[in-house]
Amino acid sequence: MTSFHEPVDTLPVPATASVAPEDVAAYEETFREPRFWHKITRYGRRAGREVTRRALQLYFVMQRPDVPLWAKSTILGALGYFISPLDAIPDLIPAGGYVDDASVLGAALIAVSVYIDDDVKARAEQAMPKWL
C-alpha cells in the first residue's frame with residue numbers, strides 16, 4: 001500500500017491504456033515544438049475541441065518544472081504521435097481521422113493527471129479560441 005506522504009517520483013508509473021512503452025519512445029523523437037504549433041494551427045478546428053484541448057493540456061503540463069522525466073516522456077510520445085503524419089487512422093479521413101489521436105492523448109492525460117492543475121487547464125482554455 002502506498003502512503004499519501006510518499007514522494008510522487010517513488011510511486012509506480014501508471015500504465016497508459018494501450019500505448020506500449022516502446023511506442024511512446026518511438027514517437028518522442030517525432031515531437032518538435034514548431035511542428036506541434038503548425039498542427040494545432042492548421043488542423044485544430046478539424047481535429048475538434050476535445051482533441052485540441054487534450055493536446056494543449058499535455059503541452060502545458062510538459063512546461064512545468066516539477067513534472068518528472070517519465071511523465072514528460074509520456075507526454076512527448078503522445079504529442080509526437082499527434083503531430084506524426086503516420087497514424088493508425090489517417091487524419092484526413094472525415095469524422096474518424098482523429099480517433100486514434102484522441103485515444104493516445106487521453107491515455108497520456110490519464111497517466112500524468114496528477115500534474116494537471118487549474119493553471120494548466122486555464123492556459124489550455126485561453127489558448128483554444130486562437131484555433132477553434
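The exercises below work through confidence and helix packing in this predicted model.

**Exercise 1.** Determine which parts of the chain carry the lowest and the highest confidence among its elements.

*Solution.* Begin with the whole chain, which averages a pLDDT of 75, with 67% of the residues scoring at least 70. Then turn to the elements, where helix α1 (residues 21-28) has the lowest mean pLDDT, 56, and helix α6 (residues 118-127) has the highest, 94. Finally, consider residues 1-19, over which pLDDT stays under 50, and for which the model has 16 contacts beyond four places in sequence. Where pLDDT is low, the predicted coordinates should not be read in detail.

**Exercise 2.** Describe how helices α3 and α4 pack, and which classes of residue form their contact.

*Solution.* The geometry comes first: α3 (residues 49-62) and α4 (residues 69-83) pack at an angle of about 145 degrees, with their axes 10 Å apart, and their crossing is left-handed. Next come the residues: from α3, Val51, Ala55, Leu58, Tyr59, Val61 and Met62 meet Lys72, Ile75, Leu76, Ala78, Leu79 and Phe82 of α4. Sorted by class, this contact has 11 nonpolar residues, one charged residue and no polar ones.

**Exercise 3.** Establish how many residues of α3 are buried, and what covers them.

*Solution.* Taking buried as under 20% relative accessible area, 11 of the 14 residues of α3 qualify, and the helix is mostly covered. Among the buried residues are Thr52, Arg53 and Gln57, as well as Leu56 and Phe60. The cover over the buried residues of α3 includes α2 (33-47), α4, α5 (99-111) and α6.

Note on methods. Residues numbered from 1 in each chain as written. Predicted model: local features only at pLDDT ≥ 70, side-chain atom pairs only at ≥ 80, totals over all residues. Heavy atoms only, no water. pLDDT = per-residue confidence, 0-100. Helix = DSSP H or I, 4+ residues; strand = E, 2+ residues; numbered from the N terminus. Contact = heavy atoms within 4.5 Å. Axes fitted to C-alpha atoms, helices over the stretch in contact; angles between N-to-C directions. Left-handed = near helix turned anticlockwise from the far one by under 90°. Nonpolar A, V, L, I, M, F, W, Y, C, P; charged D, E, K, R; others polar. Buried < 20%, exposed > 50% of the residue type's maximum accessible area, 1.4 Å probe, protein only.
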